[in-house]
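Colleague: I'm new to this one and would like to get my bearings. Please give me a quick tour of the whole thing, then pick one part and take a close look at a few places in it.

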Amino acid sequence: MREFGYQQVSDVETAVATLATSADARYLGGGTNLVDLMKLGVETPELLIDVTNLPLTDITETADGGVLIGAAVRNSDLAANPVIRQRYPAVAQAVLAGASGQLRNLATTGGNLMQRTRCSYFTDVSKPCNKRVPGSGCPARDGEHHNLAILGASEHCIATSPSDLAVALVALDAVVHVREGDSARAVPLTEFRRLPGDRPDLETTVEPGALITGVSLPGLPIAAASRYRKVRERASYAFAIASIAAAVEVSGGLVADCRIAWGAVAAVPWRATRAEAMLRGKPVAIESFAAAADAELLAAEPLEHNAYKVALIRNVTVELLAELTGVSR
Amino acid sequence: MTSTLDPATTRTPLMGQGINRIDAIAKVTGEARYSGEYPLDGMIYGWVVQAPIAKGRISDIRPATTLSMPGVLAVLDYRNAPRLSDAGDGELLLLQGDRVYYRGEAVAVVLAQSLEQARAGADALDVSYLAESHDVLFRADHPDMYTPELVNPNFPSASNVGDVDAALAAAEVVIDQVYATPAEHNNPMEPHATTAHWDGDTLLVFDSNQGASSVQMSLCRLFDLPRSAVQVKSEHVGGGFGAKGSARPPVVLASMAARLLGRPVRVTLTRQQMFAMVGYRTPTIQQVRLGSDRSGRLQALDHLAYSQTSKILEFAEQTAVLSRMMYATPNLRTAHRLLPLDVPTPRWMRAPGEAPGSFALESAMDELAQACNVDPVELRIRNEPDLEPDSGRPFSSRNLVACLREGARRFGWDDRDRRPAIRQDGRWLMGSGMASSTYPARNAPSTCQVQARSDGTFEVRITASDIGTGARTALTQIAADALQVELDRVELRIGDSDFGPAMIAGGSMGTASWSWAVVKACRDLLGQLDAHSGAVPAGGLLARADTKDDVAAQADVTRHAFGAQFVEVAVDIRTGEVRVPRMIGVFAAGHIVNARTARSQLIGGMIMGLGMALLEESLMDLRFGDYLNHDLAGYHVASNADVRSIEVSWIDEQDDQTNPSGIKGIGEIGIVGTAAAIANAVWHATGRRQRTLPIRPDRVIS
């Protein structure tokens, strides 16, 4: 583990300016992922800039009927927030489905979006990994990949994003607010994280040194009945092997509108736009739900040990959509 | 005499009571000191450098960069390490040459003034290797598979009674199936840690282990020292599950490093390092063939087990041995095959042999019950033997049937509909299953000293080890009962090899073996006190006991604990999730010493069995040759949320042929049968057999 400097900052401008002074600094939120990776030698920053004291700890209602979640809001506070619980229940459920009470007390909203993959090769510096050391190779494709990507992967990387929260956020049209140098920018979460392509080391679309200042959710009536469902190998304290956030609005027996996002299937929280498009206007029925899932899964490229995830995500999608619409199987 | 004892007092025995752990406050307040926590003046920290190849040799070590780093004092490697003598364990002949036998093997230790400096030095150490192609794939049809002479600890590898092939050919019903269990890692909470210090030619180590005597003996042999020159202290140990059952690399590396530097050295392992360096449970492939008549009465039982070992030490797990004593059959054959690979040596992990072996046998029995349309409990009762089927020896006591009946009663088993895949509760298919449990009840020689002090208190000294089991409390109860005094008048001291040779906390033999020596010494002391007139002298009175001859003189009977486990499962076949809402275990394990700690041991075993059934699996990376999921995020043990209703009880069992206290060990039996009970319940829920562990979502999804 490399020796590193540690600095607290109290305003966004100083945070961004301080990061720019170093070739190798990182923002430190709860540290629940970054510090682990530093212990493993995967991350070797020379400077940590603690951003948990920035004035980004509030959840405020916005003019459009939505909310703005400060980047430093702790996961526990986010899950307990009455507005979140009432208007965006999938968000609270996703947070509570992750980690443990102790970790949620530390972990931040912004940090959650920056979580790195749990791929066993990425976290072991004695092995090659294109994400960690570009060009070194990806042993996962022919090795252990039972919980790696079935969608959006490339020959260079089949990592998955482990975040639960991001799945709920991306389903509900979240926008990430970032500070890049002197300017502020809003990026839809669907565009915030990158698929690996031939540069799996690049994980976001924002500039290096950008600071997440918050995440906003629009006023979205459909979200009030949203739900998050997570499948994992043990009953708690495990990353998803498949997860889904969804919301459905029904009118006259037809799907008027819907939101569907998947977790643990790709390097990004996977907004299932093809499934949504397929489902809109269709009768509320198991067949419609299955057809929607299948439409999204046409692009799936499963490998030997993760092929089960195709059936799994399909099944859990049909199940949650049925639950949300009161259709019995 | 002015006895400290008042024989007229009516005294309720402490044995059997659920007394709180006497070290509980020390542990929760942090006062209890573990092996990596002893501060010694001038102490140096060692960081282990591990081989990144699975087979080959070290071509060069260039320590210059590391040695120039802040705080780094030395690099210990095969070129400067003290020469070691063979202690019968190839895993301990560390840094003796340039060969690498498995990935993760220790190739150097960087020694520095702080842990961080040692680690940084280790990261920077420049080692070159000549890698050779390795073979780490465990498979039954490997040409190098051979028959070991003995299996752990010293059973014949094969057994044969009657004519199994003829009986199978003639049987009305035959079950012939292959079962597989994965490699698993013990993962005690406290990683291995040693603090070593030489004073001239005398070695003192604080070491986290399951038996200070055993580690002392290994160090004596490795360093050619007399027993008087080596002291091993292990006052508190944070779990072992077999991974600390004998000396493991850290104690040897720390001792060598301390020798090299002439200063105290501490070596601690990370969780990741433990996945290569301290043992694990071998993967197994097992073929079980059962032949019976239509009513389920066994005519033949054939159990063939394959497992792996390393190239530097033969460890042959006794996977099929439990089939030699479990069920009555006139034709009975067991055999073991072993495959040496370029892997770390598998070692003991909670119920080695019985845990994986019972998964195969008890699953096959469930398949036989299904084939004969006989209730699984009734099937086992029908096959209850009078004598040990393999040897013809009598059992010291055998209460399997009582456990089966009591477990069935508590579970409500008799109302069960035997048909599979017919119960649904929302998205869950519901089922129930059961299996028998068993574990040997052995004793090993131990020594003990008991001292009567002039203030009316007693000091008991024994090289026992409390690895979290509650042994310290149990032995104090036993001593107080033997001395007929209250608990607070007995001070028990354990975990120090200076107290004399004693059994390890292993093989479920610790408390049984130690209790014998404690009781023997206490009785001797009572005799001395009776013969002594006047007050106990200022120097006290001392009694010593050694149970070597007593153990050797035990009658030739076979001794086992038994149990029965019943579980309810909920299976979502669309997601592959398996949950276990209810578990019941009933055990017949002799005299239970402490109701509270015994309950913890038994439910702990069953919870580990739940993990074995559904979660635990060490994944071998064929390209790199190491266990890949080497942390507690990747290697799943059961979490609190996985454990719902769990209930254990025991039947009142008197067995006067085990040891003077009538104790059978309980450290391991809880994990035996659990995985089969859960797999059998998953069949009952879904109609599909699960013959490969763990029962992962991808194996369940349809």
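Modeller: One term before we start: the radius of gyration used here is taken over C-alpha atoms, and the rule for a globule is 2.2 Å times the number of residues to the power 0.38. Also keep in mind that you're looking at a predicted model.

Let's warm up with chain A. For its 329 residues, that rule puts a compact globule near 20 Å, and chain A comes out at 19 Å, so the two agree. Its C-alpha trace spans about 60 × 50 × 35 Å along the principal axes. Within that space there are 12 helices and 12 strands, and 57% of the residues of chain A count as buried. If you take the contacts in chain A with a separation of 6 or more, 62% of them come from residues 24 or more positions apart. On the outside, chain A exposes about 12,700 Å², with carbon and sulfur atoms supplying 51% of that. As for charge, there are 31 positive and 36 negative side chains in chain A, and the centres of the two sets sit 4 Å apart. The domain assignment for chain A gives domain 1 (5-50) and domain 2 (224-325), and their C-alpha centres lie 36 Å apart.

The part I'd pick for the close look is chain B. With 702 residues, a compact globule would be near 27 Å in radius of gyration; chain B has 26 Å, which agrees as well. Picture a box of roughly 75 × 70 × 50 Å along the principal axes, filled by the C-alpha atoms of chain B. The secondary structure of chain B adds up to 16 helices and 28 strands. Some 64% of its 702 residues count as buried. Now look at the contacts in chain B between residues at least 6 apart in sequence: 82% of these join residues at least 24 apart. The accessible surface of chain B is about 24,200 Å², and 49% of it belongs to carbon and sulfur atoms. Chain B carries 68 positive and 82 negative charges, and the mean positions of the two groups are 3 Å apart.

How is chain B divided up? The domain assignment gives domain 1 (24-32 + 444-552) and domain 2 (367-442 + 558-702), so each is pieced together from two stretches of sequence. Between the two centres, over C-alpha atoms, there are 34 Å. The two domains of chain B do meet: 18 residues of domain 1 are in contact with 16 residues of domain 2.

Now for single residues. B:Ser85 sits in the loop between strand 3 (72-77) and strand 4 (99-100) of chain B. Its relative accessibility is 23%, so B:Ser85 counts as partly exposed. Setting aside neighbours within four places in sequence, B:Ser85 is in contact with B:Leu93, B:Arg221, B:Leu222 and B:Asp224. B:Asp224 is 139 residues away along the chain, yet its C-alpha atom is 6.9 Å from that of B:Ser85.

B:Ser213 belongs to helix 5 (residues 212-223) of chain B. At 7% relative accessibility, B:Ser213 counts as buried, since the cut-off for that is under 20%. Beyond its neighbours within four places in sequence, B:Ser213 is in contact with B:Thr463, B:Ser497, B:Gly500, B:Pro501 and B:Ala502.

Next comes B:His236, in the loop between strand 13 (230-233) and helix 6 (249-261) of chain B. With a relative accessibility of 6%, B:His236 is buried too. Leaving out residues up to four places away in sequence, B:His236 touches B:Asp23, B:Lys27, B:Ala32, B:Arg33, B:Tyr34 and B:Arg472. By contrast, B:Leu622 is 386 residues along the chain from B:His236, and 38 Å separate their C-alpha atoms.

Last stop: B:Glu491, in strand 22 (residues 490-493) of chain B. B:Glu491 is partly exposed, with a relative accessible area of 36%. Not counting neighbours within four places in sequence, B:Glu491 is in contact with B:Arg453, B:Phe458, B:Glu459 and B:Val460. B:Ser432 is 59 residues from B:Glu491 along the chain, and the C-alpha atoms of the pair are separated by 47 Å.

How values were computed:
Residues are numbered from 1 along each chain as its sequence is written. Chains are lettered from A and ligands numbered from 1 in the order in which they are written. This is a predicted model: local features need pLDDT of at least 70, side-chain atom pairs count only at pLDDT 80 or more; totals for chains, interfaces and linings use all residues. Side-chain values use heavy atoms; hydrogens and water are left out. Helices (H or I, at least four residues) and strands (E, at least two) are DSSP runs, numbered from the N terminus. Buried means under 20% relative accessible area, exposed over 50%, partly exposed in between (1.4 Å probe, protein chains only). Contact means heavy atoms within 4.5 Å. Accessible areas come from the Shrake-Rupley method with a 1.4 Å probe; for residues, only the protein chains shown count as cover. Lys and Arg count as positive and Asp and Glu as negative; His and the chain ends are not counted. The place of a charge is taken as NZ of Lys, CZ of Arg, CG of Asp or CD of Glu.
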